[in-house]
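User: I'm new to this structure and would love a close look at one part of it. Could you walk me through the disulfides?
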Amino acid sequence: METAATSLVALLALLALQASAALIATGDGTGNTTAPASDPGFNRVGVVNGLSGVYFRNGWVLTANHVGEGAIVLAGTSYAAIPGSTVRFTNPNSTKADLIAFKLATRPALSDVAITDTPATLNTLITVIGNGADRGTATSWMSVSGWQWLGSHTMRWGTNRISKINETVFDTRTFRITFDQISNPPAGQHEADIVTGDSGGGAFTGSGGSAELAGILFAHATAVGQPGSTSLYGNEGLIVDLYAYRDGILAVTDRPDCSDGLDDDGDGLSDFPSDPGCASVTDASERASALVCDNGSDDDGDGLIDFPGDPGCANGSDVWERGAVYQCDNGVDDDLDLATDFPNDSGCLHPSNPVEAPEPGLALLLGAGVLALTATARSRSPRGLAPQTSSTRSTR
């Protein structure tokens with residue numbers, strides 16, 4: 001008789017549910033929330049739209065298409081995506097894979113990771129990292145054991161071995177892992193299943209500087225009729241085979257900032273020769289250290305950076321982050337109070353304030369308010385008594 005463990009034909013894509021970590025069978029299921037000793041890149045996997053994504057290289061993030069473009073949170077820091085930077089990868093027959101890349105406006109301080117340049121092979125040990133559902137209580141169905149999923153979520157890593165290769169699922173070149181029941185796993189191995197929230201997470205081989213990104217997690221295969229939100233032994237995790245898309249990925253992500261068709265520095269200009277920060281089409285940054293309004297620094301100390309973020313910058317080629325039309329950003333002590341500009345002058349609430357002193361209209365309104373309150377206080381004084389002048393008694 002066919003069992004639940006062998007009837008793995010219903011494929012459930014991991015769509016937008018609350019994210020967590022790869023579910024592991026070892027211990028009480030709460031471990032592996034920090035990098036393993038043989039770390040292939042735990043800190044480069046982050047949360048994107050409540051699911052997962054992998055920071056790859058040159059400012060680019062790889063994730064599943066159904067995760068979508070969005071800010072990625074890596075080690076508690078959020079990095080915004082450049083709007084409209086998403087590229088979806090296709091197959092030789094022009095069908096579209098469940099795989100995209102998008103670029104970040106600010107790059108995290110992480111090294112590049114290589115995409116594997118060899119095809120996936122059976123029994124290869126991989127480390128999977130994702131933001132999928134936490135493990136709940138033990139369960140069983142049709143005499144097959146497993147675990148329920150909790151509604152909580154945590155970034156976690158686990159291990160597994162490649163069990164199937166050379167497949168196309170959902171128009172995506174795929175390899176699989178199988179969630180096996182292992183009585184005494186070797187040290188450092190934690191049998192993992194891919195669960196909801198893991199979509200867009202990474203599958204790595206090797207560790208440290210020799211680690212390679214082999215795949216992007218994107219789906220979960222269950223038995224027909226299997227209860228929802230469960231991982232049973234025999235379930236399979238589906239992973240985008242990045243070797244099949246390697247050339248296309250590198251063609252996109254290796255483009256220099258000054259020839260990638262994107263406004264990388266957010267100044268409204270793109271690439272050489274339009275962006276003043278670009279010295280040539282091979283320039284790796286749309287910012288230039290010699291351009292005060294396009295160097296990525298807060299040169300005037302007002303908390304604002306470059307054009308168009310700093311109101312003192314007329315354009316990216318402006319040689320000064322202070323603007324003559326704004327007294328609160330012109331580098332001059334206009335009101336002779338020995339304090340200059342925002343944030344040093346208390347009369348400046350923002351660099352774009354036109355004068356370094358409180359606005360005359362505001363002063364008049366404040367004066368009128370004091371007079372009105374005084375008049376009101378006097379009008380309410382008991383007959384024959386002078387108004388109270390002490391401020392020690394509180395009002396209720």
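What is the torsion about the S-S bond of cysteine 258 and cysteine 278, and is the disulfide left-handed or right-handed?

Analyst: Happy to help! Please keep in mind that this is a predicted model. The torsion about the S-S bond of cysteine 258 and cysteine 278 is about -90°, so this disulfide is left-handed. Both cysteine 258 and cysteine 278 sit in the loop between α1 and α2 (306-309), so their bond ties together parts that are 20 residues apart in sequence. The two sulfur atoms are 2.1 Å apart. Buried here means under 20% relative accessible area. Cysteine 258, with 1%, is buried, and cysteine 278 counts as buried with 7%.

A search of the whole structure finds two disulfides, so let's turn to its partner in that count. Cysteine 328 is joined to cysteine 348, with an S to S distance of 2.0 Å. The torsion about that S-S bond is about -85°, so this disulfide is left-handed. Cysteine 328 and cysteine 348 both lie in the loop between α2 and α3 (360-379), 20 residues apart, and the pair links distant parts of the chain. Cysteine 328 is buried, with a relative accessible area of 0%, and cysteine 348 is buried at 5%.

To place the loop of cysteine 258 and cysteine 278, look at α1, one of the helices that bound it. Helix α1 covers residues 246-253 and lies across β4 (53-57), β5 (60-63), β8 and β9 (96-103), running at about 70° to β4. These strands belong to an open sheet of seven strands with antiparallel pairing, in the order β7-β6-β3-β4-β5-β9-β8.

Technical notes: Residues numbered from 1 in each chain as written. Predicted model: local features only at pLDDT ≥ 70, side-chain atom pairs only at ≥ 80, totals over all residues. Heavy atoms only, no water. Pairing = 2+ DSSP bridges. Helix = DSSP H or I, 4+ residues; strand = E, 2+ residues; numbered from the N terminus. Contact = heavy atoms within 4.5 Å. Axes fitted to C-alpha atoms, helices over the stretch in contact; angles between N-to-C directions. Disulfide = S-S within 2.5 Å. Buried < 20%, exposed > 50% of the residue type's maximum accessible area, 1.4 Å probe, protein only.
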